Amino acid sequence: MITDVNVREADAADAPVLARLRWAFKQEDHDGDLSEPVRPMKHAEDWIRDRLASKRWLAWVAESHGEICGHVFLHLVERIPEPYEDNTPVGYVTNFYVVPEHRNRGFGAALLQALRRHAQDSGIDVLIVWPSEGSVPLYRRSGFQSPTELLEAR
């Protein structure tokens, strides 16, 4: 399935490409709407660069032939210490995207595998995600399950 993919942790230098892919991702969410965005892409680029440089957010990228063609982000949500349980952070998985021409070739699975390996190595025992309808099967194949204890208010 995968022919040429390299998955690695992203760094601040990847911000321009990650911002461009973020814009493409959100335009897909809006049925390819290419109208003028309400904020410049530079805003996303600066935000991503700052978060990756400070390690407040982590991200992994999938590269094919040296070009980034997918990414997934992880934000660690701290838990308040308590006397009886470990207070390792909860991992919030978001901004998971693979460019259309590389989909259904294992790139997404490779990204999630790298993220899950990092979580396991770091002692993060809970990862949460609000998946799109189309991504649910991939998340399930990657070990994600429906929660039994999560509530949501909107």
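The legends below go with close-up views of a predicted model.

**View 1. The open sheet and its strand order.** Five strands make up this open sheet, laid out as β1-β2-β3-β4-β5 with mixed pairing. At the edges sit β1 (6-9) and β5 (127-129), each pairing on one side only. From one strand to the next, the twist averages 25°. Helix α2 (residues 41-54) packs on this sheet, where it touches β2 (57-64) and β3, and its direction makes about 110° with that of β2.

**View 2. The β2-β3 hairpin.** Here β2 and β3 run antiparallel, joined by eight bridges. Look for Trp 57, which stands opposite His 75 in β3. Two residues lie between the strands of this hairpin, and His 65 takes a positive phi near 50°. As for the side chains, those in a regular strand alternate between the two faces of the sheet.

**View 3. Where β3 meets β4.** Seven bridges hold strand β3 (residues 67-77) and strand β4 (residues 90-98) in antiparallel pairing. Two bridge partners are worth picking out. Phe 73 has Thr 94 as its partner in β4, while Leu 74 is matched in β4 by Val 93.

**View 4. Ser 64, tucked away in β2.** Is Ser 64 buried or exposed? Its relative accessibility is 6%, and since the cut-off for buried is under 20%, Ser 64 counts as buried. This serine belongs to strand β2. Setting aside neighbours within four places in sequence, Ser 64 is in contact with Asp 4, Cys 69, His 102 and Phe 107.

**View 5. Helix α3 and its buried residues.** Helix α3 (residues 107-122) has 16 residues, so at 1.5 Å a residue it should span 22 Å; the end C-alpha atoms are 23 Å apart, which agrees. Which residues of α3 are buried? They are Phe 107, Gly 108, Ala 110, Leu 111, Leu 112, Ala 114, Leu 115 and Ala 119. An α-helix has 3.6 residues a turn, so residues three or four places apart point the same way. What do the buried residues of α3 pack against? The list takes in β1, β2, β3, β4 and β5, plus α4 (136-141). Right after α3 comes Gly 123, with a positive phi near 80°.

**View 6. His 118 on helix α3.** His 118 lies in helix α3. With 22% relative accessibility, His 118 counts as partly exposed, because the buried class is under 20% and the exposed class over 50%. Not counting residues up to four places away in sequence, His 118 touches Leu 58, Trp 60 and Leu 74. How far apart in space are His 118 and Arg 8? C-alpha to C-alpha, the two are 11 Å apart, though 110 residues separate them in sequence.

**View 7. Aromatic rings and the charges over them.** Searching the whole structure turns up six aromatic pairs. Ring pairs tie Trp 47, Trp 57, Tyr 92 and Trp 130 into a cluster. Trp 57 is also the residue opposite His 75 in β3. Two charged ends join the view as well. The charged end of Lys 26 sits over the ring of Phe 25, 4.9 Å from its centre. Over the ring of Phe 144 sits the charged end of Arg 116, at 5.8 Å from the ring's centre.

Definitions and conventions
Residues numbered from 1 in each chain as written. Predicted model: local features only at pLDDT ≥ 70, side-chain atom pairs only at ≥ 80, totals over all residues. Heavy atoms only, no water. Pairing = 2+ DSSP bridges. Helix = DSSP H or I, 4+ residues; strand = E, 2+ residues; numbered from the N terminus. Axes fitted to C-alpha atoms, helices over the stretch in contact; angles between N-to-C directions. Contact = heavy atoms within 4.5 Å. Phe/Tyr/Trp six-rings, centres within 6.5 Å; stacked < 30°, edge-to-face > 60°. Lys NZ or Arg CZ within 6 Å of the ring centre and 35° of its normal. Buried < 20%, exposed > 50% of the residue type's maximum accessible area, 1.4 Å probe, protein only. Expected span 1.5 Å × (residues − 1).
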